[in-house]
Amino acid sequence: MTNLNLIDRISTMYRATFGDLPAHIVRAPGRVNLLGEHVDYNDGFVLPAAIDRATYLAFSSVNARHSTLAAVDFDQQASFSADSVPTKTQADSSPLPEWALYPAGVMWALMEEGLPVPSMNAVFGSDVPRGSGLSSSASVEMAFVLAWQTLGGWNLPPLRRALLGQKAENRYVGVNCGIMDQFASACGVENRLLLLDCRSLEWKTIPLPEAVSIVIADTTIRRKLTSGEYNKRRAACEEAGRLLKQDLPNIQSLRDVSVEQFNRLADKLPPEIEKRARHVVEEIGRTRQAKALLEAGDVRNFGRLMNECHVSLRDLYEVSCPELNVMVNIAQTLEGCYGARLTGAGFGGCTVNLVAREHAPAFAQELARRYESQTGLHPEIYITRASKGVELLK
Ligand code: NG1
């Protein structure tokens with residue numbers, strides 16, 4: 001579903017800022033992950049979908065040294081060029097504002113690749129909530145990669161564009177994320193889930209049964225200090241891999257350890273490392289089962305895997321928080337709910353729920369009502385659909 005209101009806002013701001021109408025408009029979706037959490041950086045499998053919330057970018061090429069961007073959501077402008085980007089500064093040598101690191105990082109990654117990156121005037125805005133596990137940053141990156149591709153006259157396949165966005169986020173913004181977010185935003189297909197092997201980067205689509213809806217529930221808790229905790233989880237997984245390699249010399253990462261092997265060797269690991277690694281090994285096991293279940297239309301058993309995933313993220317990986325647990329616990333008791341769990345990195349943000357389509361509106365209403373009465377917080381609930389990946393609308 002295209003957000004015509006937002007397109008109108010960015011176009012109006014574009015005209016107010018630059019004096020004419022934008023030549024192009026790009027839409028780049030956020031994503032929700034149905035299964036395979038915290039396994040993208042362990043070479044595992046993930047099962048995300050692009051969603052119908054997106055970043056919209058209005059832009060035109062400009063014959064100037066600097067690109068000038070305006071962000072409607074921040075009501076701010078930034079301006080940078082090939083010369084200022086490496087030092088994360090603007091045309092006037094002041095530091096880039098945080099939101100501008102994403103487009104500037106994309107410019108940096110494209111330049112590193114030797115791709116032409118013509119200057120642009122641009123305005124962008126997003127209806128993907130920030131910091132809620134729906135990959136608003138990846139959607140901004142994918143919007144700018146496609147914008148510069150449009151102006152630069154080069155043409156890369158979606159997965160290559162996703163890898164460039166990930167490089168921008170890892171090496172320029174400084175967030176050590178896996179490939180899942182940019183992949184989903186770049187490669188989304190309507191009404192399909194995407195199954196990605198994060199090692200080989202092979203992927204296929206799996207139909208989402210007609211009779212189910214994806215419902216996203218935002219706890220409104222914004223994660224704090226996440227990157228520190230996220231990096232600690234990554235380090236624990238690497239440490240587990242290193243220790244298990246003493247008995248399993250052929251493994252490259254936790255992806256190569258079966259549940260049986262892990263059970264046999266688990267007591268050789270320090271307790272906290274064991275819990276983290278158990279989540280990863282078992283979660284990869286769950287994603288291996290998911291494909292057959294979904295292809296057979298067995299939503300009930302797929303939903304059971306989602307519920308198990310939440311318990312594992314809560315008790316073993318320890319990335320949940322009280323509000324996420326309240327949201328999931330309520331959801332799992334409501335009519336029509338097949339599965340519910342936290343989605344994304346955790347520590348706040350959203351849950352993802354698979355709900356029988358006919359029950360979805362009542363589910364959303366009741367979930368909001370009960371969550372509010374238990375926490376005093378007013379949640380946002382979206383009934384969403386698997387949508388198309390990044391696209392040029394105009
Ligand atoms: P979110 O919560 O959307 O930021 C993060 C990582 C993903 C993945 C998930 C956990 C970032 C930007 N992305 O997602 O790569 O590791 O956590 O599965 O940190």
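**Exercise 1. In this predicted model, which residues does Ser-320 touch, not counting residues up to four places away in sequence, and is Ser-320 buried or exposed?**

Solution. Begin with the position in the chain: Ser-320 lies in the loop between H9 and H10. Next, list the partners beyond four places in sequence, which are His-310, Leu-313, Arg-314, Asn-325, Leu-342 and Phe-347. One of these partners is also joined to the serine through side-chain atoms, since a polar contact of 2.6 Å links the side chains of Ser-320 and Asn-325. Finally, compare the accessibility with the cut-off: buried means under 20% relative accessible area, and Ser-320, at 16%, therefore counts as buried.

**Exercise 2. Where is Phe-347 placed, and what is the sign of its phi?**

Solution. Phe-347, which is among the residues touched by Ser-320, is found in the loop between S10 and S11. Its relative accessible area is 17%, so Phe-347 is buried. Turning to the backbone, Phe-347 has a positive phi of about 65 degrees, although it is not a glycine. As background for judging that value, most residues other than glycine have a negative phi.

**Exercise 3. What span is expected for the 17 residues of H9 at 1.5 Å a residue, and what covers the buried residues of H9 and of H10?**

Solution. Take H9 to begin with: at 1.5 Å a residue its 17 residues should span 24 Å, and because its end C-alpha atoms are 24 Å apart, the two values agree. Helix H10, residues 322-333, can be treated in the same way, as its 12 residues reach 17 Å from the first C-alpha to the last, close to the 16 Å expected.

The next step is to identify the buried residues. In H9 these are Val-299, Phe-302, Gly-303, Leu-305, Met-306, Cys-309, His-310, Ser-312 and Leu-313, whereas in H10 they are Leu-324, Asn-325, Met-327, Val-328, Ile-330 and Ala-331.

The last step concerns the cover. The elements over the buried residues of H9 include S9, helix H8 (271-295), H10, S10 and S11. For H10, the cover includes strand S9 (212-218), helix H9 (299-315), strand S10 (337-342), strand S11 (350-356) and helix H11 (360-375).

**Exercise 4. Which residues are closest to the ligand, and how is His-38 placed in the structure?**

Solution. Of the 17 residues that surround the ligand, the closest are Glu-37, His-38, Asp-40, Tyr-230 and Ala-345. Consider the polar atoms next: an oxygen atom of the ligand is 2.8 Å from an N or O atom in the side chain of Arg-31, a polar side-chain atom of Asp-181 lies 2.9 Å from a nitrogen atom of the ligand, and a polar side-chain atom of Tyr-230 lies 2.6 Å from an oxygen atom of the ligand. Taken alone the ligand exposes 430 Å², of which the protein buries 95%. Asp-181 itself belongs to the buried residues of H5, a helix spanning residues 180-187 in which eight of the eight residues are buried.

His-38 sits in the loop between strand S1 (24-33) and strand S2 (45-46), and because its relative accessibility is 3%, it counts as buried. The side chain of His-38 makes a polar contact of 2.7 Å with the side chain of Tyr-41, while a polar atom of the His-38 side chain lies 2.8 Å from the backbone oxygen of Ala-345. Beyond four places in sequence, the contacts of His-38 include Tyr-230, His-279, Val-280, Leu-313 and Gly-344. His-38 also has a positive phi, about 60 degrees, although it is not a glycine.

**Exercise 5. Which residues have the most contacts inside the largest nonpolar core, and which helix supplies the largest share of this core?**

Solution. The largest nonpolar core has 113 residues, and Phe-144 and Trp-148 are those with the most contacts inside it. Helix H3, residues 136-152, provides the largest share of this core, namely nine residues. Away from its neighbours within four places in sequence, Trp-148 is in contact with residues including Phe-80, Pro-103, Val-106, Met-107, Leu-110 and Trp-154. A second, separate core of 14 residues includes Met-327, Ala-331, Leu-334 and Tyr-371; Met-327 and Ala-331 are among the buried residues of H10.

How values were computed:
Residues are numbered from 1 along each chain as its sequence is written. This is a predicted model: local features need pLDDT of at least 70, side-chain atom pairs count only at pLDDT 80 or more; totals for chains, interfaces and linings use all residues. Side-chain values use heavy atoms; hydrogens and water are left out. Helices (H or I, at least four residues) and strands (E, at least two) are DSSP runs, numbered from the N terminus. The expected span of a helix is 1.5 Å times one less than its number of residues. Buried means under 20% relative accessible area, exposed over 50%, partly exposed in between (1.4 Å probe, protein chains only). Contact means heavy atoms within 4.5 Å. A residue is near a molecule or strand if one of its heavy atoms lies within 4 Å of it. A polar contact is a pair of N or O atoms within 3.5 Å; within protein, one must be able to donate a hydrogen and the other to accept it, and residues adjacent in sequence count only if both atoms are side-chain atoms. Accessible areas come from the Shrake-Rupley method with a 1.4 Å probe; for residues, only the protein chains shown count as cover. A nonpolar core is a set of buried Ala, Val, Leu, Ile, Met, Phe, Trp, Tyr and Cys residues joined through side-chain atoms within 4.5 Å.
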